[in-house]
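I opened this notebook to record, point by point, what I looked up in the structure. The entries follow the order in which I went through them.

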Protein chains: 2
Amino acid sequence: MRYKCIVSYDGYNYKGFQVQPGEVTIEICLKEAIKMMLHKDVKIYPAGRTDAMVHAIGQVIHFDLDLNIKPEAIKNGLNSFLPRDIRIVDASIVDESFHARFSAKKKEYHYLVKQREPSVFENRYMAYYKNLDIDLMNEALRMLCGKHNFKGFCSGSVNPLKDFEKTIYEAKIIKDGDYLRFIFIGSGFLKYQIRRMMGLVLEIGAKRDSLETITRVFNERDPGISHKIAPGYGLYLMKVYYD
Amino acid sequence: MRYKCIVSYDGYNYKGFQVQPGEVTIEICLKEAIKMMLHKDVKIYPAGRTDAMVHAIGQVIHFDLDLNIKPEAIKNGLNSFLPRDIRIVDASIVDESFHARFSAKKKEYHYLVKQREPSVFENRYMAYYKNLDIDLMNEALRMLCGKHNFKGFCSGSVNPLKDFEKTIYEAKIIKDGDYLRFIFIGSGFLKYQIRRMMGLVLEIGAKRDSLETITRVFNERDPGISHKIAPGYGLYLMKVYYD
């Protein structure tokens, strides 16, 4: 049986999704919860590996079990063993052709920024930038949209033979008082891509950098041109789209 | 110079306010920030010692310095050395007769409850109880108001010679959709008093206990009668009132 779960987490206290020796990650917590519940070591496939501190509202995982357990029991059982800041919000049985990562058609990420100092209760959930020019940032997002080689916005540690061509279908800002919500919907995103794009977009909004830098990063494909990386705790994996 | 500061903190990751050997507490963080900034060991007096996981919007502290530093510099300087979940929101110079604890006339605490399962982003900030009868809980709060001996709602570990007589001036519920905000304003509160009162009020609201238990706790003054203690992470020290 292949199980698909939608997972939500407050990523602030975690070193990202992927298992890393000696670090507390989302994947380790999920694997441990499955082991506690079913006494099995199960391999988990996520739609995408979120970075340290990054949150998720709609991360998707799949895993296979040689047991026939009702999805509702998987959801409630795992939640009883998971820490309070990781929740299975939905579980279902899917066809064996489903793959959390390879079947994904689009991903939606949000990035939250507050233009006044966040309270101690907001600090974990948004970045803080003052005096941002929304028009300039909208223009920056317009330039990032479409099909591009995003190597210049990718972590330098990624295999250089990787396919860096990705499509951003939509990028926009929703303003709600002091809060700015940046919305990105794309075919997929490279390691650090959104945080690096956001780092530059926010520098442009604060008038410490200019729109021309986006063109330079696209042309020269060098992550050294714009080295600002927006904090992980402002980023949310909102939704993974499948057919 | 005597400095008064209003301090806000997300208490979820802290073992309460007071210094405890080997534990990370709010007081230790404040003392360390002062030491980093001024190279001095300074004694800090809080209005009240909050428990592990309890939050504060308006905790008040005072401390003395043999230096004349502008309050704004104290605020910004300490904030630069404090963790992101502890913030000085205001600093001022006060008369030497001011004492954060002994000058306090009233304290206001809020307790947050959600009647639907909190998200991973709300989990640290509210308790979760289902199917609560608001009318019954309002009646329970009415019984708790006034001047009483609250020994039966106090931690059993407190010195039995302590003065357990306190006055609750106001106790009410504000309902906002699935969220319930319990508001308590009183002359002062004993160790665990609000969490023990809330534990019983919520049991009464869930119809697992009855209003008569409140009378019994007041009459018999035995903390063993109602041993439910509502989680610390639902509690907020909102405001300390001075003349």
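Entry 1, exposed loop residues. I worked on a predicted model throughout, and I began with A:Lys207, which counts as exposed because its relative accessibility is 61%. I placed A:Lys207 in the loop between helix H4 (193–205) and helix H5 (212–220) of chain A, and I noted that its phi is positive, about 60°, although the residue is not a glycine. I then turned to A:His39, which is likewise not a glycine and has a positive phi of about 55°. A:His39 sits in the loop between helix H1 (26–38) and strand E2 (45–46) of chain A, and with a relative accessibility of 68% it counts as exposed, since the cut-off for that class is over 50%.

Entry 2, a buried loop residue. I looked up A:Asn123, which belongs to the loop between strand E5 (106–114) and strand E6 (127–128) of chain A. Is A:Asn123 buried or exposed? I found it buried, because its relative accessibility is 7%. Setting aside neighbours within four places in sequence, I listed its contacts as A:Pro118, A:Tyr233, B:Arg84 and B:Asp85. For B:Arg84, I noted that its backbone oxygen lies 2.3 Å from a polar atom of the A:Asn123 side chain.

Entry 3, helix H5 of chain B. Which residues of this helix, spanning 212–220, are buried? I recorded B:Thr213, B:Ile214, B:Val217 and B:Phe218. Seen down the axis of H5(B), these buried residues fall within an arc of 140°, so they line one face of the helix. I reminded myself that an α-helix has 3.6 residues a turn, so residues three or four places apart point the same way. On the other side of H5(B), I found B:Glu212 and B:Asn219 exposed. The cover over the buried residues of H5(B) includes helix H3 (134–144), strand E7 (146–149) and helix H4 (193–205) of chain B. Just after H5(B), B:Arg221 takes a positive phi of about 55°.

Entry 4, nonpolar cores. The largest nonpolar core has 73 residues, and the members that touch the most others are B:Leu30, B:Phe63, B:Ile74, B:Val113 and B:Phe182. H4(B) gives the most to this core, with 7 residues. I followed B:Phe182 further and, leaving aside neighbours within four places in sequence, found contacts including B:Tyr109, B:Val113, B:Met137, B:Leu141, B:Met198 and B:Leu202. Apart from this core lies another, of 72 residues, among them A:Tyr9, A:Leu30, A:Val54 and A:Leu211.

How values were computed
Residues are numbered from 1 along each chain as its sequence is written. Chains are lettered from A and ligands numbered from 1 in the order in which they are written. This is a predicted model: local features need pLDDT of at least 70, side-chain atom pairs count only at pLDDT 80 or more; totals for chains, interfaces and linings use all residues. Side-chain values use heavy atoms; hydrogens and water are left out. Helices (H or I, at least four residues) and strands (E, at least two) are DSSP runs, numbered from the N terminus. Buried means under 20% relative accessible area, exposed over 50%, partly exposed in between (1.4 Å probe, protein chains only). A polar contact is a pair of N or O atoms within 3.5 Å; within protein, one must be able to donate a hydrogen and the other to accept it, and residues adjacent in sequence count only if both atoms are side-chain atoms. Contact means heavy atoms within 4.5 Å. The arc is that of the directions from the helix axis to the C-beta atoms. A nonpolar core is a set of buried Ala, Val, Leu, Ile, Met, Phe, Trp, Tyr and Cys residues joined through side-chain atoms within 4.5 Å.
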